[in-house]
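Take the chain shown here as the starting point for a walk through its packing. The text moves from single buried residues to the cores, then to the sheets and the aromatic contacts.

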Amino acid sequence: MLGTVIVQGIGKNSLMVVKTRTLITIKRSPFQEIIVADVEDFGKALVLDGYLQSTTSDEFIYHESLVHPAMVLHPNPRRVLIIGGGEGATLREVLKHSTVEEAFMVDIDKDVVELAKEYLSEMHQGSFFDKRARVVIDDGKRFVEKEYEKGVQYDVVILDLTDPYSSDIAKDLYTKHFFERINGILTENGVMVTQAGSRFFYTQVYDHVANSIKSVFKYVAEYQVWIPSFGYSCNFVIGSKKTDTNMLLDSEYVDNVLRSRRVSTRFIDGKRIAALLLMGIY
């Protein structure tokens, strides 16, 4: 952050400059620099190590696209694990599904979670305080390893991490070994999804992540959606153990599932999910 602007890299040689209205808070945690600011065009924003993570103007596009395709693909998601997602918006979207009995959110950085609780109520919308929410401060890799060793299982695992190339915090959570561990803690019908940054700007990194998932899961789907505050189309990868990801191309089926679970959305619906998958990646 330089003066009154946030300068963030969107590619190896490309920058995006966002003007700030108000710096709300800034803190250096043991893991990263955390900024909450009000920025021009995008509203209130969470910035980690110089990268815009969420803004009130468009975070729903990202979080609905991350969460609902994977949740719909599972026939009855009751236990859900979120790795990352410190601002609580992914947790918010998961808890919209009436089938969910427990949603565990594991984030390595307590300071992000506490600042989100204090300053980002527009994003978490009280999800941290839902009786079904279980917020755990821990390293995601260590948490998954412990759950794997104990034989604990989840129906859906959602990886809402910083980009695989943006910092060192999440690198180990994009490896084949980690995806194998995710597969090991999923139930028979288990589904996982991860955001994977920008394939356009970081093709080799994205392809490594996608190919690792393809080597572990029987069914895989890739899709992308334009996130204005990111300055690029964000890529996502779903891995499913049993349910064919082509089910997501049936817009009527998707809408019926969302309706039956009483899920309300601003962006995602059956037609939009089908369109995102059909559009593919680039």
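Thr90 lies in helix H2, which covers residues 89-94. This is a predicted model, and in it Thr90 has a relative accessibility of 0% and therefore counts as buried. Setting aside residues within four places in sequence, Thr90 is in contact with His63, Leu66, Val67, Ile82, Ile158 and Asp160.

A second polar side chain can be read in the same manner. His68 is placed in helix H1. Is His68 buried or exposed? Its relative accessibility is 0%, so His68 counts as buried. With residues up to four places away in sequence left out, His68 touches Glu93, Lys96, His97, Leu258, Val263, Thr265 and Ile268.

The next topic is the nonpolar side chains. In soluble globular proteins, nonpolar side chains tend to be buried together. Here the largest nonpolar core has 65 residues, and those with the most contacts inside it are Val80, Leu91, Val94, Ile158, Ile238 and Leu248. Helix H1, residues 59-73, supplies the largest share of this core, with nine residues. Val94 shows what such a position looks like: not counting residues up to four places away in sequence, Val94 touches Val67, Met71, Val80, Ile82, Val100, Ala103 and Ile158. A second core, separate from the largest one, has 26 residues, among them Phe104, Ala170, Leu173 and Ala210.

The strands come next. One open sheet has seven strands in the order S8-S7-S6-S9-S10-S12-S11, and its pairing is mixed. Its edge strands are S8 (133-137) and S11 (219-227), each of which pairs on one side only. From one strand to the next, the twist in this sheet averages 15°. Within the sheet, S10 (residues 186-195) and S12 (residues 232-240) run antiparallel and are joined by five bridges. Met192 stands opposite Gly239 of S12. Helix H6, residues 176-184, packs on the sheet and touches S9 and S10. The direction of H6 makes about 145° with that of S10.

The other sheet to follow is also open and has five strands, ordered S1-S2-S3-S4-S5 with antiparallel pairing. Which strands form its edges? They are S1 (5-11) and S5, each pairing on one side only. The twist averages 45° from one strand to the next. Strand S5, residues 51-55, is mostly covered, since five of its five residues are buried. S4 (residues 43-48) and S5 run antiparallel, joined by four bridges. Leu48 has Tyr51 in S5 as its bridge partner. The hairpin of S4 and S5 has two residues between the strands, and Asp49 takes a positive phi near 50° in it. Helix H3 (residues 110-119) lies across S2 (14-28), S3 (33-39) and S4, running at about 80° to S2.

Ring contacts add a further layer. The structure holds eight aromatic pairs. Phe104 and Tyr154 form an edge-to-face pair, with 5.7 Å from centre to centre and 80° between the planes. Phe104 belongs to strand S7 (residues 102-107) and Tyr154 to strand S9 (residues 154-160), so the pair ties together parts that are 50 residues apart in sequence. Both Phe104 and Tyr154 are buried.

Phe200 and Phe201 offer another case. Their ring centres are 5.0 Å apart and their planes stand at 90°, so this pair is edge-to-face. What is the exposure of its two members? Phe200 has a relative accessible area of 54% and is exposed, whereas Phe201, at 23% relative accessibility, counts as partly exposed. Elsewhere, Tyr62, Tyr223, Phe230, Tyr232 and Phe236 form one aromatic cluster.

Charged side chains also meet rings. The charged end of Arg181 sits over the ring of Tyr148, 4.1 Å from its centre. Lys117 lies over the face of Phe128, at 5.7 Å from the ring centre.

How values were computed: Residues numbered from 1 in each chain as written. Predicted model: local features only at pLDDT ≥ 70, side-chain atom pairs only at ≥ 80, totals over all residues. Heavy atoms only, no water. Core = buried A, V, L, I, M, F, W, Y, C linked by side-chain atoms within 4.5 Å. Buried < 20%, exposed > 50% of the residue type's maximum accessible area, 1.4 Å probe, protein only. Contact = heavy atoms within 4.5 Å. Phe/Tyr/Trp six-rings, centres within 6.5 Å; stacked < 30°, edge-to-face > 60°. Lys NZ or Arg CZ within 6 Å of the ring centre and 35° of its normal. Pairing = 2+ DSSP bridges. Axes fitted to C-alpha atoms, helices over the stretch in contact; angles between N-to-C directions.
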